[in-house]
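Below is a brief report on a predicted model. It covers sheets, helix packing and ligand contacts.

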Amino acid sequence: MSELIQPIRGMNDILPDATPRWQQLESVTRAVLTAYGYREMRVPIVEKTELFARSIGEVTDIVEKEMYSFEDRNGEHLTLRPEATAGMVRAGLSNGLLHNQVQRLWCLGPMFRHERPQKGRYRQFHQVDVEAYGLAGPDIDAELNIMLARLWKALGVEALELQINTLGTPASRKEYRKLLLEYFRRHLDALDADSRRRLETNPLRILDSKVPETRAVVEGAPNLLEHLDAESAAHFAGFKKFLDDAGIRYRVNPRLVRGLDYYTRTVFEWVTTRLGAQDAVCSGGRYDGLVEHLGGKPTPAIGFAMGMERLVALMEDVQVPLPDSSPHAYLVRVGAEAERAGFKLAEQLRSALPGLRLLTDCSGGDFGKQLKRADKSGARVALVLGDNEARNQQVGFKPLRNTTEQVNISWEQAAARLAAWLE
Ligand code: ATP
Ligand code: MG
């Protein structure tokens, strides 16, 4: 035997026992997004490396150390997408969707980051990414979160906390940045190495550090909310007012930041206490500067990404009920004529009963063996076909989950009988 090839660390197979949960998450999400006017877009999972370097920023964990980058056969520098927004904006620009238009778009799929794998943190993971373009006011900021609150409810995962903050404009942030720099320089010795390195290039990112020693320093740092420009303060007040009107609870967290200049005003995150350290299931914010930064005309934009692995884990944790996916009926065929006739009967039933889950035993063996498999499959009914029944267009109808006796019925009656039984 040759040696087994191992899977890649941090990249998971989603097995058939797990996919019903994923499908549930996807179909509920799709329905809620559609109800708010969002349209799906499908974009490549590979883009030019430069796109991510420019949009995510050179001085970020993702670009510095987490990207799966490679040269293709033409020597082009390409990267497996670590997040979706860059590709969505690129596609919007490539296809003329953004200039002077309002677009509500979403996409879903795998993202790739070379992080340290642990519970809730993988190297291939999946996001639903949602973006609204061409809308500058705080109403869309609020509506995205109103929509998310509805989504959590529809998914059955309501114990999430919304944290919000505002970053102001790049101009107002400049002043704050100076104050922050001065403060951190005074506490240089207490910062971790990464944060020290980031100090001159991206000090805002330090506010977001997860290193305990650095967090202690951050506690005493100047507060961005006290250095906002008037328009951003009004935008934030408007955002909060709409959330209040909608009865959505939130906590203002002045440490919630994004380090890049094209981020403006609103940032938010939905967190849970049920998943340990990997507590963010959805993060979003406004990036009014990004479209222009990627070569388009100035276009207001706001969006969020939710982590599907973490949502699936949460749904498992709170035991959201799953629709039954075991077969309704299991067809047993014994004998050469029954084997052929069985497919005919099965197709008749499938045509007559859309949504019917009917499994045909193709493993062979006598009635006893096949009925054992029928039982194991979880089916509620076995349809039992021998050569005699096949010749007479009859079939044995055998309930598997109670003591009702097997009866013979005609093929013509079979659909109605099944439908009645399965109600
Ligand atoms: P975190 O703080 O957990 O590292 P992040 O700030 O890097 O998250 P974003 O880049 O904003 O997260 O991605 C949005 C969402 O995608 C996160 O809230 C999280 O649910 C999910 N996510 C991010 N990275 C991973 C990963 N490596 N594995 C699984 N899910 C992830
Ligand atoms: Mg991260």
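## The three-stranded sheet

Three strands make up an open sheet with antiparallel pairing, in the order 2-4-3. Strand 2 (46-48) and strand 3 (68-71) are its edge strands, and each pairs on one side only. From one strand to the next, the twist averages 35°. The model is a predicted one.

Strand 4 covers residues 77-80 and pairs with strand 3 in the antiparallel sense, over four bridges. Within that strand, Leu-78 is the bridge partner of Phe-70. Helix 2 (residues 49-56) packs on this sheet. Helix 2 touches strand 2, strand 3 and strand 4, and its direction makes about 75° with that of strand 2.

## The eight-stranded sheet

A second open sheet holds eight strands. Their order is 1-5-6-11-10-9-7-8, and the pairing is mixed. The edges are strand 1 (39-40) and strand 8 (251-252). Each has a single partner strand, so one side of each is left without a neighbour in the sheet.

Strand 6 (residues 124-133) pairs with strand 11 (residues 301-307) in the antiparallel sense. Seven bridges join strand 6 and strand 11. Gln-127 has Gly-307 in strand 11 as its bridge partner.

## Helices on the eight-stranded sheet

Helix 1 (residues 19-35) lies across strand 1, strand 5 (103-112), strand 6 and strand 11. Helix 1 runs at about 5° to strand 6.

Helix 5 (residues 138-155) also packs on the sheet. Its contacts are with strand 5, strand 6, strand 7 (161-166), strand 9 (266-271), strand 10 (280-286) and strand 11. The direction of helix 5 makes about 20° with that of strand 11.

## Where helix 1 meets helix 5

Two packed helices are described by the angle between their axes and the distance between the axes. The axes of helix 1 and helix 5 come within 10 Å and cross at roughly 145°. This crossing of helix 1 and helix 5 is right-handed.

Which residues of helix 1 and helix 5 meet? Helix 1 brings Leu-25, Val-28, Thr-29, Val-32 and Leu-33. Helix 5 brings Met-147, Leu-151, Ala-154 and Leu-155. By class, this contact has eight nonpolar residues, one polar residue and no charged residues.

## Ligand 1

Ligand 1 is surrounded by 15 residues. The closest are Arg-113, Glu-115, Arg-121, Lys-210 and Ala-280.

Oxygen atoms of the ligand have N or O atoms of the protein beside them in three cases described here. An N or O atom in the side chain of Lys-210 is 2.6 Å from an oxygen atom of ligand 1. For Arg-310, a polar side-chain atom lies 2.9 Å from an oxygen atom of ligand 1. Gly-307 uses its backbone: an N or O atom there lies 3.4 Å from an oxygen atom of ligand 1. Gly-307 is also the bridge partner of Gln-127.

Methods. Residues are numbered from 1 along each chain as its sequence is written. Chains are lettered from A and ligands numbered from 1 in the order in which they are written. This is a predicted model: local features need pLDDT of at least 70, side-chain atom pairs count only at pLDDT 80 or more; totals for chains, interfaces and linings use all residues. Side-chain values use heavy atoms; hydrogens and water are left out. Two strands pair if DSSP finds at least two bridges between them. Helices (H or I, at least four residues) and strands (E, at least two) are DSSP runs, numbered from the N terminus. Axes are lines fitted to C-alpha atoms, for helices over the stretch in contact, and angles run from 0 to 180 degrees between N-to-C directions. Contact means heavy atoms within 4.5 Å. A crossing is left-handed if the near helix is turned anticlockwise from the far one by less than a right angle, and right-handed if clockwise. Ala, Val, Leu, Ile, Met, Phe, Trp, Tyr, Cys and Pro count as nonpolar, Asp, Glu, Lys and Arg as charged, and the others, Gly among them, as polar. A residue is near a molecule or strand if one of its heavy atoms lies within 4 Å of it. A polar contact is a pair of N or O atoms within 3.5 Å; within protein, one must be able to donate a hydrogen and the other to accept it, and residues adjacent in sequence count only if both atoms are side-chain atoms.
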